[in-house]
Each structure stands twice: as C-alpha cells, then as structure tokens.
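Biologist: I've got the sequence and the 3D view up, and I'd like to work through them with you. Can you take my questions one at a time?

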Amino acid sequence: MDAVLDNLDLYFKAFGYTVALFLVSGVTSMILGTLLAAFRVGPVPVLRWATSVYVTLVRNTPLVIVFAAFSFMAPMLWGPLNFRWLSVHIGGFDFTAFFAAAVVSLSLYTSSFVCEALRSGVNAVSVGQAEAARAIGLPFSGVMSQVVLPQAFRASVPPLASVQIALIKNTSVAAVFGVAEATSQMRSITNDFSSQRTEIFIAFAIGYVVIVEVFSFFAARLESHWRVAR
Amino acid sequence: MRFIRSKGAVAAFGLALSLSTLAGCGDAGSDDEGRDVKADTDAAESLPDGSRMKEIADAGKIKVGVKFDQPGLGFKTATDDIPTGFDVEVAKILVSKLGLDPSDPSQVQWEETVSDNREPFLQNGKVDLVLASYSITDDRQKVVGQTGPYMITGQQLLVKSDADVESIDDLKGKEICSVTGSTSIDRINEQGAKGVGFDSYSECVQKVLDGTVEAMSTDGAILMGYAAENEGELKVVGDEFSEENIGVGYSKKEPEMCQWINDTLTEAFDDGSWAEAFEVTLGKSGSETPDPPELNDCPSS
C-alpha cells in the first residue's frame, strides 16, 4: 500500500484529470445528445436522416478508434483540429491539445448514446401530449422544449445515468492518448513498484468506484425527486 | 442472380489477388535476419544436473519474452517469424548455450512482453527469460530475478531536425511524449518537463512530426532507430539524463539461472559475439559499439 500512500498527491491529481474529463465531456455530450435526439424525432427529413447516420456510425465505432481519429487523422485533414490552440493552466492542471482531443472524442462518442437514451424517453411521452402542444399553436421548438423533452428527461434518467457512468470509465482510454489521468498514473506507479501490483490496482479501482457511486447517488436522488412531480 | 454471383466471384478473386500481392510486399521488406546463431550442444551437455537450465535443455523448448515494438532492441512485424534487435540477439546467444536452435520456432518461442506484464509472466512461468529492455531496479528484484546488465543506456531527446532544442533544460514546463507507464515518463517529470503518455513510441514519433509536442524521450538507442527511419526530419539531441541498466529477467524460483546467465554473458563479451550482436542491430544507426558493461554479482543462495 506504501506505493500509493507515498504518492497520494499523484493519486488525487490523476483522479482530478479523470473527473475533469468526465465533467467537461459529460456536459458537452448531454447538450449535443439532446440536440441530436430533437433532430431525430423532428419534422425535417434531412436532419432525421443525418442524425440517424451519425448515431449508427459513431455508436458502432470502438472508442479507441474515435480517439485515434482525433489524435492522428484529424490533424492531417485540417490544421486547427490539432487542438494546439488550447493551453489552459488551472492550479497544477494543464489542459492542452491532448485533453481537448480526449474531450472531443469522448463527447462525440457519448452523445450518440445520450441521443438514443433520450429518444426512448421521447417515445415514452404519449402522442396526445405533442398533439395538444401543437394544437395550442406551439412551433416544433416549443413543443420539444416546453412539453416533450421535460417529460422525456424524467423518463430517461436511469438510462442516461448508465450512459454517463460508462463515460466515467471510458475516460481511462485517454491514458494512452496523452492525458495523465488515473489509469495512466496507475501504470506509472505499477512500473515503479511492481512488487505492490495488487495493492496499487485495488487502490485505483476504489477511486473509480467512489466516483461512480457519488454520481449514482445524485442520479438516484434526481430520479426520486422527479418521480413525485409526475 | 447469375450476374450477381459472377460479380461476387470476380470480387473474391480480386481480393485474393490483392492479398497475395500484399503478402509478397511484406516478405520483400524483411531482410533483417540478424546474426546466425547455431545451437551449442557441447555447452548444453555440461549443464549441471537438476538445474533449471538442464531441464530446459532436455525439454528442448524455451519461451523468451521480448518487446515487439522497439526498433533496434526488440521488434517484430506481423509477417516476421523471429523478432529482430539487440535484446533478441543477446537472447539468441543465451538459448544457443542450452543446445537450442534460435531460428527454430518450435524450440524457441518468442513471446511479446510489454512493460506491464514482465513480472507476472516470469512469476507464473509464461516465459523463462525476459530480455525486453528490462531495467534492473531494486523493487523489481523483490519479485523476480534480474542479472546483467548486458547494456547501459540513457535517456535522450528526439526532436525535429530544424528545432533549436539542445537539452532537456530547454523544455522545462513543456510537454514531452513517451510511453504510458514507462520509466521514461517519470524521468521526464523529474527533469521539470511534463510527460505525456501514448501507447507506443511510434505514436510519439507521429506527435513530434505533426508538431503537437516538441520532443519525445526514451533510451537513446531506440531514438537512434527512429531518427534513422525519418532521416532529415528528426534528430537525436542532448546528453543522456538518466542511466538504465538493461538486464536479463528470470524467475526467482530458479536462482541457479543467474550464474549461468552471467557466465554466458561473460563468454559473449570475451569472444566478441556480444559486440557483433550490437553491430548488426543498434550499431546500424551509427552508434559506436561500447565496452561491455560490468556484470552484477549473483545473490548467494
């Protein structure tokens, strides 16, 4: 256990990067996924078609490939996609090109799952709701934002929570794409203290469990809070 | 229907044709065979009875862990049967003294060991020996046996040819690429730069070429290989800012291996086969053959 206890600062800093990756990608994927879901059930055929192609393509691509695309392929296609313009330093944390590429990959990947989870929520809202909203003269944006989506969100809290939990664990892929997050730090410490392999592994597993449990707690709270209002 | 089927046949034929062409290309590319090392049955005869070495020699089979992704040290493409590099050449010398033929895959099995699995592989017997740019450290010796070193190397920088970086001091606070979880990353951080980790050194080379990072860093020997591969675009700079003793790993359950490894290495130092192994691998990228390093003493058992 000494290996981790002596390096607690590194341990917490690494999980700091994990949480930062999760927060930024989580919020971005929720916004993007909501937009995609609205397009997918919307009245414009081109958007419906385009979003379903996007979801099919991204959801069926392994995350590592998405990461590789934004780390190695995208910069060759279009200069600004090398993300070198990003250089933010907060406290001891550096948010640079590698962090940006990781956030973009994670957000795009997760948004396709958010879209599908939300679409199942939309399907759970009875057609009468949307018809009534149209009957009082609301445009499509009004129907979605005032009537359908608020109910759809409530119905899809559990699947959305699962998608975000998967995102927390998916951040570990960034370990081999230049972000010094928890999994990357675990491998570093294991390399230095190979005699304490098991202890190090358990310590880092606990870190992930704690983050996921905290998130699950809030998701469960939200679920029960909204259940009353329904 | 008939039409579609014949089209399918043409497509299948085309695919088969292109695959065979590809395979042809792969074969033509691999002319690095390394040294031709013959099995030394005399040496195998004189191994002490009851030792692990004798056991391996009698079984006629050994599993050696090497790296597959480090040009010049341990490197193997999908089409090669036997990996190439200095680690592999030293391994060949060792196994030949067990009376085994290094070029026969049924006698010598080359397993890929990455940095993360070298100790577990030795501990549960998945490999008998590890020669995978394996630095000798006190912590590793708690769980596995290590002896040597058969090479001493240090960390340098690989930068673009037109960069005006002279040493790691010019890159304080900047990002330097290396492999996730490697000792090299720790050394970079110790020197005041920021290590960013990727899965392999070739990915780091890509990141230096596209300008995302100014430099990558690891053992000079590996960098030389990449500089030679990308001549005119990349160069190796700076003094070595670390010292790694590259040794042979064996299982702690078989302590008798240590003295045998040391004796075999000493013999290879003296008869020139060690120097020759260096010349056909790392020496090709222009580095001079160093003097053989001094071997550590084996722990008395």
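Modeller: Sure, let's begin with a pair of strands in chain B: E7(B), residues 155-160, and E10(B) pair in the antiparallel sense. Keep in mind as we go that this is a predicted model.

Biologist: How many bridges hold E7(B) and E10(B) in that pairing?

Modeller: Look at where the two strands lie side by side. One spot to find is B:Gln155, which stands opposite B:Asp219 in E10(B). Over the whole antiparallel pairing of E7(B) and E10(B), the count of bridges is 5.

Biologist: And which residue of E10(B) stands opposite B:Cys177?

Modeller: For that one, go to strand E8(B), residues 175-179. E8(B) and E10(B) run parallel and are joined by 2 bridges. The residue of E10(B) that stands opposite B:Cys177 is B:Met216.

Biologist: How many residues of E10(B) are buried?

Modeller: E10(B) covers residues 215-219 and is mostly covered. A residue counts as buried if 20 or more other C-beta atoms lie within 10 Å of its own. By that test, the number of buried residues in E10(B) is 5 of 5.

Biologist: What about helix H9(B), residues 220-229: why is it described as largely enclosed?

Modeller: Its buried residues include B:Gly220, B:Ile222 and B:Tyr226. They pack against several elements of chain B, among them E7, E10 and helix H8 (201-209). H9(B) is largely enclosed by the rest of the structure because its buried residues number 8 of 10.

Biologist: Zooming out, what percentage of the residues in chain B is buried?

Modeller: Chain B comes to 11 helices and 12 strands. In its contacts between residues at least 6 apart in sequence, 70% join residues at least 24 apart. Of the 301 residues in chain B, the buried part is 44%.

Biologist: Now chain A: what percentage of its residues counts as buried?

Modeller: Chain A has 10 helices and 2 strands, and along the sequence they follow the pattern α-α-α-α-β-β-α-α-α-α-α-α. Its C-alpha trace spans about 70 × 45 × 30 Å along the principal axes. Of the 230 residues of chain A, the buried part is 35%.

Biologist: Helices H2(A) and H3(A) pack together. Which word describes how they lie to each other?

Modeller: Two packed helices are described by the angle between their axes and the distance between the axes. H2(A), residues 8-41, and H3(A), residues 45-59, have axes 7 Å apart and an angle of about 130 degrees. Angles from 65 to 115 degrees count as roughly perpendicular and those over 145 as roughly antiparallel. H2(A) and H3(A) are therefore oblique.

Biologist: Is the crossing of H2(A) and H3(A) left-handed or right-handed?

Modeller: To find the place, look for A:Leu36, A:Phe39 and A:Arg40 of H2(A), which make the contact with residues of H3(A) including A:Leu47 and A:Tyr54. By class, that contact has 5 nonpolar, 2 polar and 2 charged residues. The crossing of H2(A) and H3(A) is left-handed.

Biologist: Last one: which helix gives the largest share of the side of chain A that touches chain B?

Modeller: The contact takes 22 residues from chain A and 22 residues from chain B. On the side of chain A, helices H4 (63-77), H5 (97-124) and H9 (182-192) give two or more residues. By class, that side has 9 nonpolar, 9 polar and 4 charged residues. The largest share, 6 residues, comes from H9(A).

Technical notes
Residues are numbered from 1 along each chain as its sequence is written. Chains are lettered from A and ligands numbered from 1 in the order in which they are written. This is a predicted model: local features need pLDDT of at least 70, side-chain atom pairs count only at pLDDT 80 or more; totals for chains, interfaces and linings use all residues. Helices (H or I, at least four residues) and strands (E, at least two) are DSSP runs, numbered from the N terminus. A residue is buried if 20 or more other C-beta atoms lie within 10 Å of its own, exposed if 12 or fewer, and partly exposed in between; C-beta atoms are placed from the backbone. Two residues are in contact if their C-beta atoms, placed from the backbone, lie within 7 Å. Axes are lines fitted to C-alpha atoms, for helices over the stretch in contact, and angles run from 0 to 180 degrees between N-to-C directions. Angles under 35 degrees count as roughly parallel, over 145 as roughly antiparallel, 65 to 115 as roughly perpendicular and the rest as oblique. A crossing is left-handed if the near helix is turned anticlockwise from the far one by less than a right angle, and right-handed if clockwise. Ala, Val, Leu, Ile, Met, Phe, Trp, Tyr, Cys and Pro count as nonpolar, Asp, Glu, Lys and Arg as charged, and the others, Gly among them, as polar. Two strands pair if DSSP finds at least two bridges between them.
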